[in-house]
Amino acid sequence: MAGADLIKKYNRLDSFNGSWQFQPDLPERAKQAADGNPRLLEWLDQILQNSPKSPEAERGVEMILQKMADKEKEFREDILAQELLKQQTPALRLMLGKLLVYELPVPLAAISPICEDISSWESHIQRAEILGLLEVTLTNNTERLYRVPRILSPLLEFPENPKGEELYKQAAQILYRLWWEEVESSTEVQDLEIHRLALLGKDEEIAGKIGSSLANRLWNQSRFREAIHLCKSTLEITKNHSVLREIAYCEHQIGEVDQALNYYEQALNLCPAEDERELALIYNHFGMLKDDKGEMDEAIALYNQCLEITERIGNVQGKAVTLHQLGMIYANKGEVDEAIALYNQSLEINERIGNVLTKAMTLNNLGYIYANKRKWIKRSHFSISLWKYLKALVMSKAKQ
C-alpha cells in the first residue's frame, strides 16, 4: 500500500494514529519495517498495543523491528513471525502447533477437544488472536472461526507419528460430528477437509463414507476425473464397496470399461448382504455397463436382481427407475409389448410418488414406441449421445 490508501490504513490503527503513547520512535520504525504491507502493519499494531510498559518489553519490540529492518522486504513477515513466536510461552506454541492439523477455519468446538490437555488454552487463544497468530473470521451467524496462518507452519512443531496420525484421526472425527452429523448439509470444501483428515488419520469408516458422498457429488457435476482421483486416494486405506461402485461408474463414463468392470466385481464381492440399498445400486449401475457393452441378457439379469431388492426394501423410486431401464432394453431388443408393459409399471409408480422427471422420460419413450410400432427396428431412433444422457440423468435422480 502507498499514498492515500496507506494514510487511511495508519488512521485506522491506534498504534499509528496517535491514540497510544510509546517510546517516541517506535511507531515510525514500525512503519518503516512494514514498508506498506497491510498485514505487517496490523500485526505490529497489535504487538505495540499489547506489549507491557516495561524496558524488557520495549527491547523485545525493538529486536523485532531491527531484524526486520535488516532483511529484504520478502523476508520481513517471516522474521516477524519467528521473533514473535519466540516471545510466546511453550504452551501457546504447542497449541498453535496442534491447530496446524486444520487447513480450514474451524469453530471453537473443533479446537477445545484437541487442546484440552494444554493448561489455560482459552487464554492462549485470546492472546494468539490479539497478536495475529490466529486468523479469525466471522460467519453469517457471527460464529467465530479460527485458523493458524500457513506462514507459521515451518516455525511450529506438529506432533510426530504416532501422535500426529492420532491427531489427524481425532480432528476428522470432530469435524465429521460438527459438519456432517449435526447439520442438514455441508459444503464441498468442508467435506474435502474431513476426507483429508480421515485419510491422514487412517479412519477407514469416515474416509469411506465421505469419499463415497464426495465422489457422487462430483460425478453429478460431470467431474468424473476428480471423482476417480478422490476414490483412488480413499481406496489406498480402505476397500469400501460404496467407493468402488462410485469409481466404477466414473470409469464407465470416461470410457474405461475394463476398469469399471473390475471395480464393479470388487464392489459386489465386498458389499455385505445386509446393505441391500447399496447392493441394489451396484446391480443397477453394473447393469448399465453391461447394456452399453451390448450384453443385454446379463444386463437384464442384473436389473432383475436390483428390482427384487428394491421391491423387498420398499424403495419405490429405485423400482420405478429400474423398470424404466428394463423397458429401454426390451425396446432395443425389439420386444415392444414387453417394453410397453415395463414402462407402464414405471409410469404408475412415478405418478403415485410425483417423480416428474422419470415420468416425463417414460411418457416420451412410450410415445415413441406407439408412434413407430409398425416400423419398429431393433434399436430406437434415439441418438447414442441422447440415450446415454437420459440414462445418466435417471440414475443421478435415483441416487438423490
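Helices (H or I, at least four residues) and strands (E, at least two) are DSSP runs, numbered from the N terminus. This is a predicted model, in which local features need pLDDT of at least 70 and side-chain atom pairs count only at pLDDT 80 or more, while totals for chains, interfaces and linings use all residues. Residues are numbered from 1 along each chain as its sequence is written, and side-chain values use heavy atoms, with hydrogens and water left out.

Q: How many helices and strands does the chain have?
A: The chain holds 20 helices and three strands. Of its 400 residues, 49% count as buried, a term that stands for under 20% relative accessible area, with exposed meaning over 50% and partly exposed in between (1.4 Å probe, protein chains only).

Q: Why is Ser-222 called exposed?
A: The relative accessibility of Ser-222 is 52%, and because exposed begins over 50%, Ser-222 falls into that class. Ser-222 sits in the loop between helix 11 and helix 12 (224-235).

Q: What makes the phi of Ser-222 noteworthy?
A: Most residues other than glycine have a negative phi. Ser-222, although not a glycine, has a positive phi near 60°.

Q: Where is Ser-120 found, and why does Ser-120 count as partly exposed?
A: The loop between helix 7 (108-115) and helix 8 (121-130) contains Ser-120. With a relative accessible area of 42%, Ser-120 lies between the two cut-offs and is therefore partly exposed. The phi of Ser-120, too, is positive, near 60°, in a residue that is not glycine.

Q: How do you know that Thr-322 is buried?
A: The relative accessible area of Thr-322 is 0%, which is under the limit of 20%, so Thr-322 is classed as buried. Thr-322 lies in helix 17 (residues 316-333). When its neighbours within four places in sequence are left aside, Thr-322 is in contact (heavy atoms within 4.5 Å) with Asn-284, Tyr-303, Cys-306 and Leu-307.

Q: Why is Gly-367 called partly exposed?
A: At 38% relative accessibility, Gly-367 is neither under the lower cut-off nor over the upper one, and therefore counts as partly exposed. Gly-367 belongs to helix 19 (residues 356-371). Although 27 residues separate Gly-367 from Ile-340 in sequence, their C-alpha atoms are 9.9 Å apart in space.

Q: What makes the peptide bond between Asn-161 and Pro-162 a special case?
A: Most peptide bonds are trans. The bond that joins Asn-161 and Pro-162 is cis, with an omega of about 5°, and Pro-162 lies in the loop between strand 3 and helix 9 (163-181).

Q: How do you know that strand 1 pairs with strand 3?
A: Two strands pair if DSSP finds at least two bridges between them. Strand 1 and strand 3 (residues 144-147) run antiparallel and are joined by two bridges, so the condition is met. Val-106 stands opposite Tyr-146 in strand 3.

Q: Which strands are the edge strands of the sheet?
A: The three strands form an open sheet in the order 1-3-2, with antiparallel pairing. Strand 1 (106-107) and strand 2 (135-138) are the edge strands, each pairing on one side only.

Q: What links strand 2 to strand 3?
A: Strand 2 pairs with strand 3 in the antiparallel sense over four bridges. Glu-135 stands opposite Arg-147, and Val-136 has Tyr-146 as its bridge partner. The two strands form a hairpin with five residues between them, and Thr-142 in the turn has a positive phi of about 65°.

Q: What angle do helix 10 and helix 11 make?
A: Helix 10 (residues 188-201) and helix 11 (residues 204-220) pack at about 145°, with their axes 9 Å apart. Axes are lines fitted to C-alpha atoms, for helices over the stretch in contact, and angles between N-to-C directions run from 0 to 180 degrees.

Q: Which residues of helix 10 meet helix 11?
A: Helix 10 brings Glu-188, Asp-191, Leu-192, Ile-194, His-195, Ala-198 and Leu-199 to the contact, where they meet residues of helix 11 including Ile-206, Ile-210, Gly-211 and Arg-217.
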